[in-house]
Amino acid sequence: MINILFAATDDLWRDYESPLKRALEAAGVAANLRRDHGAEVTDYIIFGPGGPVDDFTPFTRCKAVLNLWAGVEKITQNKTLTQPLCRMVDPSLTNAMVEWVVGHTMRHHLGMDAHIHGQDGIWRNDVYPPIAADRPVTILGIGALGAACGQALHQLGFPVTGWSRSPKDIPNMRCLHGDDGLNTALSGAQIVVLLLPMTAQTENTLNAARLAMLAPGAFIINPGRGPLIDDAALLAALETGQVAHATLDVFRTEPLPQDHVFWGHPQITVTPHIAATTRPDTAARVIAENIAGHENGAPLQNRVDRGRGY
Ligand code: NDP
Ligand code: OXD
C-alpha cells in the first residue's frame, strides 16, 4: 500500500477525491489517498497551487510530485523541491485548449465582431474575410498544447508556423526555433498564439520590436502566461493599429484587478484564465497511470526539467 498526499485546496479535494480513488483502483494501484499523511510516510504528492505544502524538505521518501496544472512556473521556483516533478498533460485539457484557440482564431479570422455588434440595417457585402489559406498563423510554443492547436488550425486550412526552443519536425506546420527562427516566425504573421511556458527566457517574448514584425492589423491570442507579452508595448501597438485586437486569458496579476486598463479596452478581450482547465476525470487517470507505471519500474511521464524551467 502506498501513501498519496493530496496537497491542494479544499475545492480541488472535493472535485478530485472520487475520480482519483476510481482511477487508482482502475490502474491497479493499492493506495491510501489522504490530505493528512505525515511527510515521513508520503510516497507521492498530488500538488495544486495554494495548497498546504510549501516546504518539501521533510518529504524524504516521496518519489514524485504530480502537479495538477500544466504550467509549473510557481512550483519550479520552490528551492525546497528536490523530488521529481511531473506536470499535467491531460487529453481533455488539450482538447479544451484546441477548442478555445480555434474559437478565438475563427472569431478574428471571420471578423465576427463586425456582424455581432453591427446589426444596423446596412448591407455591407463588399467586406468579407480571406480564406484561411491566406491567413498565416504563428504559434509560439509547440509542445503538448501548441502542437495540437497547430494541427487543428492546419485542418481548417491555415498556414501554420510553430516556434520552439529546440528543433522540431511536426507534420503540417513549418517548424522554427531559436532567435532567428522567432524573427522569421513573426514576420508577416496575421494571428499569433502564445503557448509558451513562463520562464526567465520567455518573459516579454512579444516586445515592441517583435510586435512591429507582425503584419499590420495582426491579432494576438494569449492563453500561455501573462508575462510572455510586454503589456506597455502591446497597448502601444493597439493604439497605432499595428495590432488590431488581443484576446488575453492570462495576466501578470490574476485575478486581473478590476481597474486594470485591459478591462473594457475596445481592442482587448479578457477571459478569466479559463482557456483550458484541468478536468478531474481525465487528469485523475493521467496521475494514476503515471504512479502505476512508476511503481512497476517505468520512468515518470511528463517530467519537468528543472534546469529549463518547464
Ligand atoms: P510544453 O512544455 O509541452 O510545451 C512548451 C513549448 O514551449 C515547447 O515547444 C517548448 O520548446 C517551447 N519553449 C519553452 N521555452 C522556450 C524558449 N525559451 N524559446 C522557444 N520555445 C520555448 O507545454 P504545454 O504545451 O503543455 O503548455 C504550454 C503552457 O500553456 C503552459 O506552460 C501554461 O503556461 C499554459 N497553459 C495555460 C492554460 C490556460 O488555461 N490558460 C492551461 C494549460 C496550460 P521545446 O519543444 O523545444 O521544448
Ligand atoms: C495550467 C493552467 O497551467 O490552467 O494548467 O494554466
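The shell around ligand 1 comprises 15 nonpolar residues, nine polar residues and five charged residues. The model is predicted, and this description begins at the ligand before turning to a loop residue, Asn78.

Of the 29 residues that surround ligand 1, those that come nearest are Arg87, Ser166, Lys168, Pro223 and Tyr310. Two domains contribute to the shell: domain 1 (2-90 + 278-295) and domain 2 (91-270) each provide at least three of its residues. In terms of secondary structure, at least two shell residues come from each of helix H2 (91-110), helix H4 (144-155) and strand E7 (160-164).

Oxygen atoms of ligand 1 take part in polar contacts with both backbone and side-chain atoms of the protein. From the side chain of Tyr310, an N or O atom is placed 2.5 Å from an oxygen atom of the ligand. The backbone also participates: an N or O atom of the Ala144 main chain is 2.9 Å from an oxygen atom of ligand 1, and for a backbone N or O atom of Ala276 the corresponding distance is 3.0 Å. Taken on its own, ligand 1 has 940 Å² of accessible area, of which the protein covers 93%.

Attention now passes to Asn78, a residue of the loop that links strand E4 (64-67) with strand E5 (85-86). Asn78 counts as buried because its relative accessibility is 18%, and buried means under 20%. Beyond its neighbours within four places in sequence, Asn78 is in contact with Asp54, Phe56 and Arg306. With Asp54 there is a polar contact, in which the Asn78 side chain reaches the backbone oxygen of Asp54 at 2.6 Å.

How values were computed
Residues numbered from 1 in each chain as written. Chains lettered and ligands numbered in written order. Predicted model: local features only at pLDDT ≥ 70, side-chain atom pairs only at ≥ 80, totals over all residues. Heavy atoms only, no water. Helix = DSSP H or I, 4+ residues; strand = E, 2+ residues; numbered from the N terminus. Buried < 20%, exposed > 50% of the residue type's maximum accessible area, 1.4 Å probe, protein only. Polar contact = N/O pair within 3.5 Å; in protein donor to acceptor, adjacent residues only side chain to side chain. Contact = heavy atoms within 4.5 Å. Near = heavy atom within 4 Å. Areas by Shrake-Rupley, 256 points an atom, 1.4 Å probe, with all protein chains shown as cover. Nonpolar A, V, L, I, M, F, W, Y, C, P; charged D, E, K, R; others polar. Domains from an automatic or database assignment.
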